[in-house]
Structure formats: C-alpha cells, structure tokens
Amino acid sequence: MDQRNHRNSRLVWLLACVWAAVPIACTGISIDPTCPETLQVGESGEIHANELNPGGLASYLWEVFPEGAGTFAAPIAPDTTFQALDEGSVVLRMTARDGLYMVIDECRLFVSGFLDVAVSLTAEPFVAVVGEPVTLTCAGAGSAGIVEFVIEQSGDGDPIDLVEVSPGVVEFTPTAPGEYDFSCVGTDVAGTQGSSSVTVTVEEVADPGAANENDNADDVANANDNAADGGNENAAVGEGANVNDNAAAPVDGAENANGSNLDADNDNVADEPGGGNRNGSGARP
C-alpha cells in the first residue's frame, strides 16, 4: 500500500518568468513521492516520483536517510525500487529538475523484521562513462549463512563481460553508452535463495574538442605538423613567419617548393604565377 506524504516540500526558483518586463505565472516540475508504508530488511518495494510537468530536460535523484539504510535499483529514475537494509524509520528524498526549476520532496517508511535470505546488489559508480570501470558488489542483507553469490547481466542491453574480483564482487568496463541491468542471487546453506538488482547508466565521454597533436596553435609561427587552411603539413595563417617546407596558401604556377601568403619574412616565397625564385619576400619587386 502506498502512502502519499507532503512533508518538507521545497521549491527552488532558479529563474524568474518574465514577458515584456512583466512577471507572469510559470508552471515548473512538481513531484509527490510515494513509497511502501513498511518493508522488512532485505525486502524491496516500488517507489514513484509521480512527477507533473517534467518538461524536456527532467532529471531525478533519489537519496535515503539515514545513509546506508537501503539502496535503489536506479537512483536517477523517477520510478524504481528501494531495498531496505536496516531496521527503523527511513526517509526517501527525491530531487527533481526540469532545466528551469528544482523541487525536493520525500516519503517515509518503516523497516522491521528480516527476510530469511536477503542480498543487496550495489554499483560503484551507478552513473559511469564509456571506458570507466564499474564495480558490482553483492552482499548479505540482514541474514547469515549465504554461501554463494551469482551476479549476472539481465535486461536487453549489449552483452557485458563481467570479471570476478572476489566472491560477490565483479567488475566491467563499458564500451558503449546505455542502461545496463544486473541481478544477484544469493543462496544459503539450506538452498534458499534471495535476489537483488541494480541498473548502471553509461554515458558517452565528453568531446574535448579538436586536439592539436603538437600543442601549438596553427595561427602562429610553428614548425609542427598542424594544417591551417590547406592540405600541407605545416602552415601559418596568422602574423608569424612560416619556416616550414609547405605553403600556407599555394600560388598558381609557383615552381618553388615553399611559399606563404604572409607579409612576414619567410625562407622561400612565390607570389607570382610561374615564379621560379628560390628565396624572396612576400612583396612584389
């Protein structure tokens, strides 16, 4: 049974809505988190943000208080499951953003008793980038005597190669972005099993922009393999001198092997069609 709670709701206005210098009413994202009234240690239950007006840039984050009282299968999803790991009163806080507004609200539940066999699967980090190692850890939750942990990939994501580090701990390095689901099954000495799941979100590596192989700008004097506006290996299009063996802007009919369109001194310059000079300046005689 879900219980709607409206405690400690805080709306943060990040930007005023103004039209023709006159304030007007704006409708930002709103949430009304719901969660089960009670759970046992090791038990999981569905939780929901119940968001309205999420806009096109909505983002979400679930947090648990006290810290360590439980885990979320997908902490950045509006709807997911929460697994209780400790007895007592627990607060589940949801922070939602829509790109303009941020709102925070919470729901409460009470955890008591223990499941016969309970395991907890966690991911570190739960939001990773391509090429970043991720560690999955499966452990007993409120129960003893678990003799085997089996961690496997579930869902429809691209296959992931899991490498065992120690019993109940595996690692993987994602090669493509997406959401990847994993599950862990724990078995006790009597053969009784418990399970847990987690979702890892993998994002693309941010584009650092065009890299300069030699760490020198191509619009100043340099002697590196950086092209400016032509196909030659070395070129300068700024105010510095070109001291390399290729032209910055080749001149039609130039017979010499070096050239520049700059007015600075160069080793070799051709500024006329058919020019056969070996050395010269960028100015006409």
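Okay, let's start with one residue: Ser 44, which sits in strand E7, residues 44-48. By strand I mean a DSSP run of E with at least two residues, numbered from the N terminus; a helix would be an H or I run of at least four. Before going on, a word on where this comes from: it's a predicted model, so to speak of local features we need pLDDT of at least 70, side-chain atom pairs count only at pLDDT 80 or more, and totals for chains, interfaces and linings use all residues. Residues are numbered from 1 along each chain as its sequence is written, and side-chain values use heavy atoms, with hydrogens and water left out.

Back to Ser 44. Is Ser 44 buried, exposed or partly exposed? Its relative accessible area is 41%, so Ser 44 counts as partly exposed. The cut-offs are under 20% for buried, over 50% for exposed, and partly exposed in between, with a 1.4 Å probe and protein chains only. Now, which residues does Ser 44 touch, once we leave aside neighbours within four places in sequence? Those are Leu 39, Phe 82 and Gln 83, where a contact means heavy atoms within 4.5 Å. Ser 44 and Phe 82 are 38 residues apart in sequence, but C-alpha to C-alpha they are 5.3 Å apart in space.

Phe 82 and Gln 83 come up again with Thr 71, and so do Thr 81, Leu 85, Ser 120 and Thr 122: Thr 71 touches each of these, not counting residues up to four places away in sequence. Thr 71 is in strand E9, residues 70-72, and it counts as buried because its relative accessibility is 16%.

Let me zoom out to the whole chain. It has 20 strands and zero helices. Of its 285 residues, 38% are buried. If you take the contacts with a separation of 6 or more, 52% are between residues 24 or more positions apart. The accessible surface is about 15,700 Å², and carbon and sulfur atoms hold 50% of that; the areas come from the Shrake-Rupley method with a 1.4 Å probe, and for residues only the protein chains shown count as cover.

Next, strand E8, residues 59-65. Its side chains alternate: Tyr 60, Trp 62 and Val 64 point to one face and are buried, while Ser 59, Leu 61, Glu 63 and Phe 65 point to the other and are not. E8 runs antiparallel to strand E11, residues 88-97, with seven bridges joining them. Within that pair, Val 64 stands opposite Leu 92.

On to the sheets. Two strands pair if DSSP finds at least two bridges between them. One open sheet has four strands in the order E13-E15-E18-E17, with antiparallel pairing. E13 (119-124) and E17 (163-166) are at the edges with a single partner strand each, so one side of each has no neighbour in the sheet. On average, neighbouring strands here are turned by 25 degrees against each other, direction ignored. The angles use axes that are lines fitted to C-alpha atoms, for helices over the stretch in contact, and run from 0 to 180 degrees between N-to-C directions. Inside this sheet, four bridges join E15 (134-140) to E18 (169-172), and Thr 137 has Val 169 as its bridge partner.

The other open sheet I'll mention runs E14-E20-E19-E16, with mixed pairing. Its neighbouring strands are turned by 30 degrees on average, direction ignored. E16 and E19 (178-188) pair antiparallel over eight bridges, and Gln 153 stands opposite Phe 182 in E19.
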